[in-house]
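Let's take a walk through this structure together, one region at a time. Have the model open and ready to rotate as you read.

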Amino acid sequence: MAALKIAKLGNPILRQVAQPVDLNELTRPGENAIQAFMDDMIETMRAAHGAGLAAPQVSRSIQIVVLECLNNPRYPGRDEFPLTVLVNPRITRYGEEEVLGWESCLSLIDFRGLVPRSKQVTVDAHDRFGEKVHIEAEGFPAVALQHEIDHLNGIIFLERMADLTQLSYQEEFETYWLKQDVAAV
Ligand code: ZN
C-alpha cells in the first residue's frame, strides 16, 4: 500500500463528474488494480487524518469514496464511524432537518467552513466487492457522506456554504470556533 498525492483546490480533476465503476472490475481474480487502489485510498485518508476521501481527490475520476472516523484528532467530540468503502454511491433520500457543522477537506486542508447539510441521508451503493449496501445515516456520518459524494459530482464544500464570511483558517477555527462547534452537530 502507498499513500497517494492529494489533488488540491484548483486542480481541474476535482471539478469533473466521476465515472461509475464497472462492478466486474471489483471481483476480477489475480492482481486486482482497483482493490489495490482502494487500499491506497484508505492509507491516504488515514495518513492525512481525514474522515473521508473521494477518488477524484487522488486524481482518479471514478465513483469510489472511503470514510472512517475513529479517535480522529481533526474531529474531536464528533460521532465515530467505522471504515466504509462505497462504490457508485447515490444519496437516495435527504432528511428535511438541517444541521450546521464546520467542515474541512483534504483538498483544502488549511480551511474550515460552516456548512448546512441534511441531518439524515439514505445512501445506496456497492461495497468494495460489489455487494449492494443500503445506509441510513444521521449526524456526522451523514454529513461526511454528503461531503464525499459531492466530490464525485465535482462539488467542494465551499459551494455548500450559506455564508462565505464563515470560512476560516484551521488555526483561527481552533482559536475562535472549535469550542462552540462541538455542541453544534
Ligand atoms: Zn473533501
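A residue counts as buried when its relative accessible area is under 20%, and as exposed when that value is over 50%, with partly exposed in between. Keep that in mind as we go, and remember that this is a predicted model.

Let's start with charged side chains. Side chains of opposite charge can pair when their charged atoms come close. How many salt bridges does a search of the whole structure find? The search finds 9, and we will follow a few of them that join up.

Begin at Arg 117, which forms a salt bridge with Glu 103, with 2.8 Å between the closest N and O atoms. Arg 117 sits in strand S5 (residues 111-118) and Glu 103 in strand S4 (residues 98-103), so this pair links distant parts of the chain, 14 residues apart. Are these two partners buried or exposed? Both Arg 117 and Glu 103 are buried.

Arg 117 has another partner: Asp 150 forms a salt bridge with it, the closest N and O atoms being 2.9 Å apart. Because Asp 150 lies in helix H2 (residues 140-151) while Arg 117 belongs to strand S5, the pair ties together parts that are 33 residues apart in sequence. Asp 150 is buried, with a relative accessible area of 7%.

From Asp 150, look next at Arg 160, as the side chains of these two residues meet in a salt bridge of 2.8 Å, N to O. This pair connects helix H2, home of Asp 150, with helix H3 (residues 157-160), where Arg 160 is found, and the two residues are 10 apart. Arg 160 has a relative accessibility of 35%, so it counts as partly exposed. Put together, Glu 103, Arg 117, Asp 150 and Arg 160 are linked in a network of salt bridges.

Helix H2 also leads us to the metal. Which protein atoms are donors of the zinc ion? They are SG of Cys 105, NE2 of His 147 and NE2 of His 151, lying 2.0 to 2.3 Å from the ion. Along the chain, the donors follow the spacing C-x41-H-x3-H. Cys 105 comes from the loop between S4 and S5, whereas His 151 is in helix H2, 46 residues apart. Cys 105 is buried, at a relative accessible area of 3%, and His 151 counts as buried at 2% relative accessibility.

Now turn to strand S2 (residues 64-69). Since 6 of the 6 residues of S2 are buried, this strand is largely enclosed by the rest of the structure. Both of its faces are covered: one side carries Ile 64, Val 66 and Glu 68, the other Val 65, Leu 67 and Cys 69, and all are buried.

S2 has strand partners too. Strand S1 (residues 52-54) pairs with S2 in the antiparallel sense over 3 bridges, and Ala 54 stands opposite Val 65. Strand S3 (residues 81-94) also pairs with S2 in the antiparallel sense, over 5 bridges. Here Val 65 stands opposite Leu 86 in S3.

Finally, pause at Glu 68, a charged residue in S2 that is buried, with a relative accessible area of 12%. Its side chain makes a polar contact of 2.7 Å with the side chain of Arg 46. Beyond its neighbours in sequence, Glu 68 touches several residues, including Met 45, Gly 50, Phe 81 and Leu 83.

How values were computed:
Residues numbered from 1 in each chain as written. Predicted model: local features only at pLDDT ≥ 70, side-chain atom pairs only at ≥ 80, totals over all residues. Heavy atoms only, no water. Salt bridge = Lys/Arg side-chain N within 4 Å of Asp/Glu carboxyl O. Helix = DSSP H or I, 4+ residues; strand = E, 2+ residues; numbered from the N terminus. Buried < 20%, exposed > 50% of the residue type's maximum accessible area, 1.4 Å probe, protein only. Polar contact = N/O pair within 3.5 Å; in protein donor to acceptor, adjacent residues only side chain to side chain. Contact = heavy atoms within 4.5 Å. Pairing = 2+ DSSP bridges. Donors = N, O, S within 2.8 Å, 3.2 Å for Na, K, Ca; no water. Lists of a residue's contacts leave out its neighbours within four places in sequence.
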